[in-house]
Amino acid sequence: MKRALAALTVAAGLAAPALAQDGEPIKIALIHGMSGSPLEAFSKQTHTGFEMGLEYATDGTMAVNGRPIEIIYKDTQFKPDVARAVLAEAYADDDVLLAVGATSSGVTTGMLPIAEEYEKILLVEPAVADSLTGPESNRYVFKTSRNSSMDMQAQALALKPDENLFVATLAEDYAFGRDGIAAFKSALEGTGATVVTEEYVAQGTADYTAVGERLFNALKDKEGRKVILIYVAGSGDAPGKLQAMDPSRFGIELSFGGNILPAMVGYKAYPGMEGAVYYYYEGFDNPINDWLVEEHMSRFDGPPDFFTAGGMAAALAVVKALETSPSLETEDLIATMEGMSWDTPKGEMTFRPEDHQALQSMLHFKIKVDDAVEWAIPEKVEIITPDMMNIPIGREN
């Protein structure tokens, strides 16, 4: 798989060519937004990582137990109604064994009942919201992506909270943002830290002047460490806009998690800032990550990014399930995947039996600025392991 294979990810409904094998193809749908949103970059990385993950897990054969894997691509256009339609099409018309998607948490929410209707597995990657494995989800949904609780509990640990910490939060006003702030507040319980205010903005917000002033006013008179916690994925440079308003004049710090490498360029304005991130290619030391980094460098002239690792983790989970399940019947796959552990570029992940969320490590980082590196480096402070976090169970199967 070279650059040409990665280029296939931009075409909805195309199937990647499978190597000749004896058995019938195992069809897997990748259902992500490929047009109409800045989050398109997340989808492309996920596709590249998934393709490379299949290659790694199958030793390059792209087949499991003698049956070739055929990938079918569908474009949600980041619209919930389109996502539901193309997922139903994949299950019913394309006869896929399972589907992987989607990118936006809001779009993915609309896909959950389709999996239940067709009684086929939906593997959520890379959408994040806790609610995707919550009460409105169902037993056909598994999730390899981290969730908002992991983001925010890891972020809280990175802040080293105590009674001297006062926090104002800023997040986007949909499942991703609200779940994240709820998780952050939960992680602070019992530490003595105080959340003084919460602000939520619409996706796509570009002007942060008014919200910034409200955040500053809520914090400026507090005696202690004052932090604005930012949890924004798709809106225009919230940290940069707030930094331009000079929070330091009130002794206010900004804190936020890591991001994809193009976004990390802007983090050079925050040397020494500590936070948490799902993945950075230099932060994890294991054979799978070594392979991913080396191969990605060779093929794409750069390191794997945030969601590339996520796509690979999803593919490795799929192959592990296909190899170990007694059959490809959905019920056997569910039984196999519940409690299943497998190795990824981030180390071991495990599907929690209760709600099918993959428990996984996070990276506590400190921003290092190196003029020789295009982006700010989220240098490892420590690996935050699943046992260090208290991730709530979303639903009981």
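Let me begin with the interior: the largest nonpolar core in this model, which is a predicted one, has 113 residues, and the residues with the most contacts inside that core are Phe50, Leu170, Ile228, Ile230, Leu242 and Phe351. Among the helices and strands, I would point you to helix α11, residues 306-324, which gives the most to this core, with 13 residues.

Phe50 is a good place to look in the viewer. Leaving aside its neighbours within four places in sequence, phenylalanine 50 is in contact with Ile28, Leu30, Ile71 and Val100, and the list goes on with Gly311, Met312, Ala314, Ala315 and Val318. There is also a second core, separate from the one just described, with 17 residues that include Ala156, Tyr174, Ala193 and Leu229.

Now to the sheet. In what order do the six strands of the open sheet run? The order is β2-β3-β1-β4-β5-β6, and the pairing is mixed. At the edges stand β2 (63-64) and β6 (141-143), each of which has a single partner strand, so one side of each is left without a neighbour in the sheet. Helix α3, residues 80-92, packs on the sheet and touches β1, β3, β4 (98-101) and β5 (121-124), while its direction makes about 155° with that of β3. Within the sheet, strand β1 (residues 26-32) and strand β3 (residues 67-75) pair in the parallel sense over seven bridges, and isoleucine 26 has isoleucine 69 as its bridge partner in β3.

Following α3 along the chain, we come to aspartate 94, which sits in the loop between α3 and β4. Is aspartate 94 buried or exposed? Its relative accessible area is 19%, and because the cut-off for buried is under 20%, aspartate 94 counts as buried. Apart from neighbours within four places in sequence, aspartate 94 is in contact with Lys27, Ile72, Lys74 and Glu89.

The last residue I would like to show is tyrosine 270, in the loop between α9 (261-264) and β11 (274-277). Tyrosine 270 has a relative accessibility of 9% and therefore counts as buried. Not counting residues up to four places away in sequence, tyrosine 270 touches Pro239, Gly240, Gln243, Leu254, Phe256 and Ile367. For one of these, glycine 240, there is a further detail, in that its backbone nitrogen lies 3.3 Å from a polar atom of the side chain of tyrosine 270. As for glycine 257, it is 13 residues from tyrosine 270 in sequence, and the two are 12 Å apart in space, C-alpha to C-alpha.

Terms used
Residues are numbered from 1 along each chain as its sequence is written. This is a predicted model: local features need pLDDT of at least 70, side-chain atom pairs count only at pLDDT 80 or more; totals for chains, interfaces and linings use all residues. Side-chain values use heavy atoms; hydrogens and water are left out. Two strands pair if DSSP finds at least two bridges between them. Helices (H or I, at least four residues) and strands (E, at least two) are DSSP runs, numbered from the N terminus. Contact means heavy atoms within 4.5 Å. Axes are lines fitted to C-alpha atoms, for helices over the stretch in contact, and angles run from 0 to 180 degrees between N-to-C directions. A nonpolar core is a set of buried Ala, Val, Leu, Ile, Met, Phe, Trp, Tyr and Cys residues joined through side-chain atoms within 4.5 Å. Buried means under 20% relative accessible area, exposed over 50%, partly exposed in between (1.4 Å probe, protein chains only). A polar contact is a pair of N or O atoms within 3.5 Å; within protein, one must be able to donate a hydrogen and the other to accept it, and residues adjacent in sequence count only if both atoms are side-chain atoms.
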